[in-house]
Structure formats: structure tokens, C-alpha cells
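This report describes a protein chain for a reader who has not seen it before. The sequence and the structure come next, followed by notes on salt bridges, cores and overall form.

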Amino acid sequence: MFTGIIEQLGVVKAIKKTGTNVTITIAAPIAKELKIDQSLAHNGVCLTIERINGDEYEVTAIEETILKTTVDHWREGTVINLERCITFGGRVDGHFVQGHVDTLGTCVDYKEKNGSWEYTIEFDKKFTNLIIEKGSISLNGISLTIFNITENTFTVAIIPYTYEHTNMHTLQMGDKVNLEFDMVGKYVVRMNS
């Protein structure tokens with residue numbers, strides 16, 4: 001379980017395919033604080049730490065993860081948002097994020113707003129009932145607030161701190177993003193269907 005508050009950025013150093021799996025080596029200062037078998041969100045994708053070597057660690061994505069997330073778009077040099085799982089007993093900023101990506105979205109518009117930024121994301125309209133105006137969403141693992149909802153798009157506003165301390169500053173029009181809809185909203189929709 002995560003909160004969508006990004007701790008650090010990592011950089012993909014190597015990608016190795018083995019059968020239908022992909023093993024990814026990521027460099028990040030946080031590596032020294034990790035443990036084998038620990039869950040870590042990578043652009044909102046929960047992956048398990050398998051090896052640690054200094055400032056680098058390895059994770060493996062299986063076929064299901066590769067098909068439903070942006071992992072297949074990662075290359076050497078890709079900048080990844082990182083967040084360790086929550087520890088209970090403290091404040092929970094953001095919102096509850098499972099690290100289980102629901103679908104991919106596409107950045108279809110980007111505007112600099114003289115000190116902030118707005119990104120419009122297009123998604124499959126079958127998920128429209130999972131979002132509400134001023135509701136939460138996890139976009140590449142970042143807990144954000146939704147506005148300007150249409151049948152298949154929504155917009156998020158990015159403050160300077162988030163822009164500088166996450167990979168939002170690398171997002172371009174046409175780029176794919178990982179989307180995880182609010183967990184509570186998913187349960188409400190399920191109960192009413």
C-alpha cells in the first residue's frame with residue numbers, strides 16, 4: 001500500500017528480457033535503504049526488490065504487468081518515480097494507492113500556467129465512472145486531484161514542487177502514463193453494479 005507521495009527519482013540502467021519477463025536495474029540513492037523482498041512503487045507499479053548492489057537494485061516485471069503498464073516503454077535512461085510502502089503510525093498524505101495499475105492513459109495536452117502546469121490525460125471511456133471532479137487518481141504513482149472531466153479525458157494541475165521532484169517534467173504529449181483509480185471509488189462502483 002502506498003500514498004502517491006513520491007520519495008525519490010530513479011533511473012533505469014539496464015533491461016534484460018528472460019522469456020516473458022523483464023528484469024530492470026534501477027539506480028537510485030534510496031537503494032541503500034531497501035531490503036530484498038520489499039515492495040516499491042515504480043511510476044505507480046508495485047514491484048518487488050530482488051537484488052541490491054550499492055546504489056542500484058533489480059526488480060522483475062511479469063507479462064501481466066508489462067501488458068498493463070508503461071514498463072514496456074521504459075528504456076535505459078528513463079526516469080522513474082519511486083515510493084516505498086506506507087508504514088502505519090504516521091500521517092498518510094496523498095491517498096491510498098495499491099500499486100496495481102488499472103489502465104494506461106495518454107498525455108494529450110500540456111500547458112504551462114506561469115508557475116504551475118496542467119496536463120490533460122486521455123483514457124478508455126469505460127473507466128469514466130471511476131473518476132469524479134476533485135477526486136484522487138494515481139498518475140505514474142503520483143497522487144493527484146482530477147478536474148475538467150469529460151467522457152474520456154481529465155486534467156491534473158502540477159505545483160512546482162511536484163514538477164521538480166517527480167518525472168512530470170519529462171512528460172510530453174503522446175506519452176503513456178500509468179493510471180490507478182481511487183480504491184474506494186472502485187469498491188463503490190462494484191457494490192452498485
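E58 is partly exposed, because its relative accessible area is 21% and burial requires a value under 20%. The model that this value comes from is predicted. The side chain of E58 meets that of R51 in a salt bridge, with 3.0 Å from N to O.

**Salt bridges**

The chain has 8 salt bridges in total. Three of them are listed here.

| Acidic residue | Basic residue | N to O distance |
|---|---|---|
| E58 | R51 | 3.0 Å |
| E7 | R84 | 2.8 Å |
| D109 | K111 | 3.7 Å |

The side chains of E7 and R84 form a salt bridge at 2.8 Å. E7 belongs to the segment before strand 1 (8-18), while R84 is part of strand 6 (residues 79-84), so this pair ties together parts of the chain 77 residues apart in sequence. E7 is partly exposed at 37% relative accessibility, and R84 is also partly exposed, at 24%.

In the bridge between D109 and K111, the closest N and O atoms are 3.7 Å apart. D109 has a relative accessible area of 26% and counts as partly exposed; K111, with 42%, is partly exposed as well. Elsewhere, salt bridges with shared partners join E7, E33 and R84 into one network.

**Nonpolar cores**

In soluble globular proteins, nonpolar side chains tend to be buried together. Here the largest nonpolar core contains 23 residues, and those with the most contacts inside it are Y119, I137, L139, F154 and L179. Strand 8 (117-122), strand 9 (136-139), strand 10 (142-147), strand 11 (153-158) and strand 12 (176-181) each give two or more residues to this core. Another core lies apart from it, with 21 residues that include A28, L40, L47 and I49.

What does L179 touch, leaving aside residues up to four places away in sequence? Its contacts include I121, F123, I137, L139 and F154, and also V101, D102 and T103.

**The chain as a whole**

The chain has 3 helices and 12 strands. Its radius of gyration is 16 Å, close to the 16 Å given by the globule rule for 193 residues, so the chain is as compact as a globular protein of that length. Along the principal axes, the C-alpha atoms fill a box of roughly 45 × 40 × 40 Å.

Of the 193 residues, 44% are buried. Among contacts with a separation of 6 or more, 67% are between residues 24 or more positions apart. The accessible surface is about 10,300 Å², and carbon and sulfur atoms account for 49% of that area.

Notes
Residues numbered from 1 in each chain as written. Predicted model: local features only at pLDDT ≥ 70, side-chain atom pairs only at ≥ 80, totals over all residues. Heavy atoms only, no water. Core = buried A, V, L, I, M, F, W, Y, C linked by side-chain atoms within 4.5 Å. Buried < 20%, exposed > 50% of the residue type's maximum accessible area, 1.4 Å probe, protein only. Helix = DSSP H or I, 4+ residues; strand = E, 2+ residues; numbered from the N terminus. Contact = heavy atoms within 4.5 Å. Salt bridge = Lys/Arg side-chain N within 4 Å of Asp/Glu carboxyl O. Rg over C-alpha atoms; globule rule 2.2 N^0.38 Å. Areas by Shrake-Rupley, 256 points an atom, 1.4 Å probe, with all protein chains shown as cover.
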